Amino acid sequence: EQLRLDAPLITQVSRWDRLKDPLGVLAGFVEHVPADEDPHLVLAGPDVTAVADDPEGAEVLAEVEAAWHALPASARRRVHLAMLPMEDADENAVIVNALQRRSDVVVQKSLAEGFGLTVAEAMWKGRPVVATTVGGIQDQIEDGVTGWLVAPEDLAGFGDRVSALLEDPHGAERMGVAAQRRVRDHFLGPRHLGQYVELLERVLS
């Protein structure tokens, strides 16, 4: 089914990788995000036919497709699997940007993660993010201020945080503004450049 312009949208953009837990996102959405307002989920990842050296990606995508096919029709029509083009980096970036900006909530339900680039991208675009308490994500998100953090295995908690953001658009907007400010103040290039200059000055002196 097509995604209506006014439908609440939750998106995860990531590789088809078990550590990104797309099956957990799917289960958390279907089982714990109420269907009353007709929310939709997009799971977006690389077009595996265009990535020759990623056999695991094709396997994981096949698992996600099988889980999608197993859903009741009422849930299946609200879940969309998107293949992102990989040949043209600009085209890929435009599509990811459009998906993130259209989303009411961006999620990153990783089981392990270094610095979450898609987390930072979504925060910079003023989107509220629900992510997991793993790795560098915990340094990026101030829980309850610039996003929500949940334990990787807590599907009910994941669904509750997503639902709360969908039910409170003004609160979600405030969280998105705070997220953008945090990226600007803590993670953008000029700040890091300034830190390197200070470090070099200390070393050289």
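This passage describes the fold of a predicted model, first as a whole and then by region. Local features rest on residues with pLDDT of at least 70 and side-chain atom pairs count only at pLDDT 80 or more, whereas totals for chains, interfaces and linings use all residues. Residues are numbered from 1 along each chain as its sequence is written, and side-chain values use heavy atoms, with hydrogens and water left out.

The chain contains nine helices and six strands; helices (H or I, at least four residues) and strands (E, at least two) are DSSP runs, numbered from the N terminus. Its radius of gyration is 18 Å, close to the 17 Å that the globule rule gives for 205 residues, so the chain is as compact as a globular protein of that length. Here the radius is taken over C-alpha atoms, and the globule rule is 2.2 Å times the number of residues to the power 0.38. The C-alpha trace spans about 65 × 45 × 30 Å along its principal axes. Of the 205 residues, 43% count as buried, where buried means under 20% relative accessible area, exposed over 50%, and partly exposed in between (1.4 Å probe, protein chains only). The chain exposes about 10,600 Å², of which carbon and sulfur atoms supply 55%; accessible areas come from the Shrake-Rupley method with a 1.4 Å probe, and for residues only the protein chains shown count as cover. Among contacts (heavy atoms within 4.5 Å) with a separation of 6 or more, 68% are between residues 24 or more positions apart.

In the N-terminal region, β1 (9–13) and β2 (40–46) run parallel and are joined by five bridges; two strands pair if DSSP finds at least two bridges between them. Leu9 stands opposite His40 in β2. Together, β1, α1 and β2 make a right-handed β-α-β unit. A crossover is right-handed if, with the strands pointing away from the viewer, the path from the first strand over the helix to the second runs clockwise. Strand β2 is mostly covered, with seven of its seven residues buried. On pairing with β3, β2 again runs in the parallel sense, over six bridges, and Pro46 has Leu84 in β3 as its bridge partner.

Met83 lies in β3 (residues 79–84) and is partly exposed, with a relative accessible area of 35%. Although Met83 and Gly45 are 38 residues apart in sequence, their C-alpha atoms are 5.5 Å apart. Beyond its neighbours within four places in sequence, Met83 is in contact with Trp16, Gly45, Pro46, Asp47 and Leu61.

Two loop residues in this region have unusual backbone angles. Most residues other than glycine have a negative phi. Asp21, however, has a positive phi, near 50°; Asp21 lies in the loop between β1 and α1 (22–32) and counts as buried at 15% relative accessibility. Asp38, in the loop between α1 and β2, likewise has a positive phi, near 60°, and counts as buried at 12% relative accessibility.

Further along the chain, β4, α5 and β5 make a right-handed β-α-β unit. The buried residues of α5 (residues 117–124) are Val119, Ala120, Ala122 and Met123. These residues cover an arc of only 165° around the axis, which puts them on the same side of α5; the arc is that of the directions from the helix axis to the C-beta atoms. The elements covering them include α4 (89–102), β4 (105–108), β5 (129–132), α6 (137–140) and α8 (169–186). After α5 comes Gly126, whose phi is positive, near 75°.

β4 and β5 pair in the parallel sense over three bridges, and Gln108 stands opposite Ala131 in β5. Three bridges also join β5 to β6 (residues 148–150), again in parallel, with Thr132 opposite Val150 in β6. In a regular strand the side chains alternate between the two faces of the sheet. Both faces of β5 are covered: Val129 and Ala131 are buried on one side, and Val130 and Thr132 on the other.

Arg181 is placed in helix α8 and counts as partly exposed at 41% relative accessibility. The C-alpha atoms of Arg181 and Trp124 are separated by 7.7 Å, with their positions 57 residues apart along the chain.
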